[in-house]
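Visitor: I should be grateful for a close look at a single part of this model, namely its sheet. Please describe how the sheet is arranged, and then follow it outward to its surroundings.

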Amino acid sequence: MLVPSSLELGPGAVDRYVISKQIVRMQEPRRLTRDDMDERRIIYPESKNRRLVNRFRDLRTRLLETSGGNNFTMVVSGASPGAGCSFVALNLAAAFAFDQSKTALIIDCNLREPSLHTTLDILPESGLTDFLDDSDYDIARILYPTGIPRLRLIPAGSQREIPAEFFTSFRMKQFLQAVRRRYPDRFIILDTASISESPDARILAELCDYAMLVVPHGRVTPDLVEQAATAFNSEKFVGAVING
């Protein structure tokens, strides 16, 4: 059952000091080493790949300007299969987690081909679909430390034949509201299947604040990019990232 956090006190009523203390106490049972992060192409503040770090920092800054500095939920989807959506989504979440006063959550919503748990070397016992399938499931059971400070993962969970049925459910809407409010300073990124092969990204974008498109450099036509971009609600679409 979804139970509101004790921090859900309404706009302007949250004790920032208490929140900061909670963030400091977020436990990391393990930490990915710098070599681990380099091997997995995950950014971190001290990374020698300054060009990549700065690109994601710049992207983070632009999104914060769009949101007015407020936390948000955002779908990240590829213009085509193999666009590198998971790479962009994970590194964007990592960039938000750079800030010691913020937390980030990445949710693997690519139920057909989930990959984030593999990238982060996590063996999940359950995930998103298990939670959505059971009204008594504790949300804490699907929140996994990633080995990256202040960044958590919700893996896809048991794979299902018709993912759209989960994403159109009222419980999915409740779920997103709950994880957003669990920490008022949490940024939530949803990694989804490409919008050209599945309706999932479009469905989830209707439940989120923003949607972003990942375009593989030199591998898709301008017409396909335009078609993918216009599949999103124009009021929520924040733009495209060229990956390559």
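Guide: In this predicted model, the sheet is an open one built from 7 strands, which follow one another in the order β3-β4-β2-β5-β1-β6-β7 with mixed pairing. The edge positions belong to β3 (144–145) and β7; each has a single partner strand, and therefore one side of each lacks a neighbour in the sheet.

At the β7 end, the pairing is with strand β6, which covers residues 210–216; these two strands run in the parallel sense and are joined over 6 bridges. Within this pair, valine 215 is placed opposite isoleucine 242 of β7.

Isoleucine 242 leads from the sheet to a pocket. The second largest pocket has a lining of 20 residues, and Ile242 is among those closest to its centre, together with Arg55, Phe56, Leu59 and Val241. The space in this pocket amounts to about 480 Å³. Three elements each contribute at least two residues to the lining: α3 (50–67), α4 (85–97) and the edge strand β7 (237–243). Of these, α3 provides the largest share, with 8 residues. By residue class, the lining of the second largest pocket consists of 11 nonpolar, 5 polar and 4 charged residues. The strand β7 thus appears in two settings: it is an edge of the sheet, and it supplies part of the pocket lining.

A further site deserves attention, namely aspartate 200. This residue lies in helix α9, which spans residues 200–205. Aspartate 200 is classed as buried because its relative accessibility is 0%, the cut-off for that class being under 20%. Its side chain forms a polar contact of 3.0 Å with the side chain of serine 198. When residues up to four places away in sequence are set aside, aspartate 200 touches Arg112, Pro163, Ala164 and Phe167.

Finally, the sheet and helices may be placed within the whole chain. The secondary structure of the protein chain comprises 10 helices and 7 strands. Of its 244 residues, 49% are buried, and aspartate 200 is one of the residues that count as buried. Considering contacts between residues at least 6 apart in sequence, 79% connect residues that are at least 24 apart.

Conventions
Residues numbered from 1 in each chain as written. Predicted model: local features only at pLDDT ≥ 70, side-chain atom pairs only at ≥ 80, totals over all residues. Heavy atoms only, no water. 1 Å grid on protein atoms, 1.4 Å probe; cavity = no way out; pocket = protein on both sides within 12 Å on 5 of 7 lines; lining within 4 Å. Points joined across faces, edges and corners; volume = space filled by probe spheres on them. Helix = DSSP H or I, 4+ residues; strand = E, 2+ residues; numbered from the N terminus. Nonpolar A, V, L, I, M, F, W, Y, C, P; charged D, E, K, R; others polar. Buried < 20%, exposed > 50% of the residue type's maximum accessible area, 1.4 Å probe, protein only. Polar contact = N/O pair within 3.5 Å; in protein donor to acceptor, adjacent residues only side chain to side chain. Contact = heavy atoms within 4.5 Å. Pairing = 2+ DSSP bridges.
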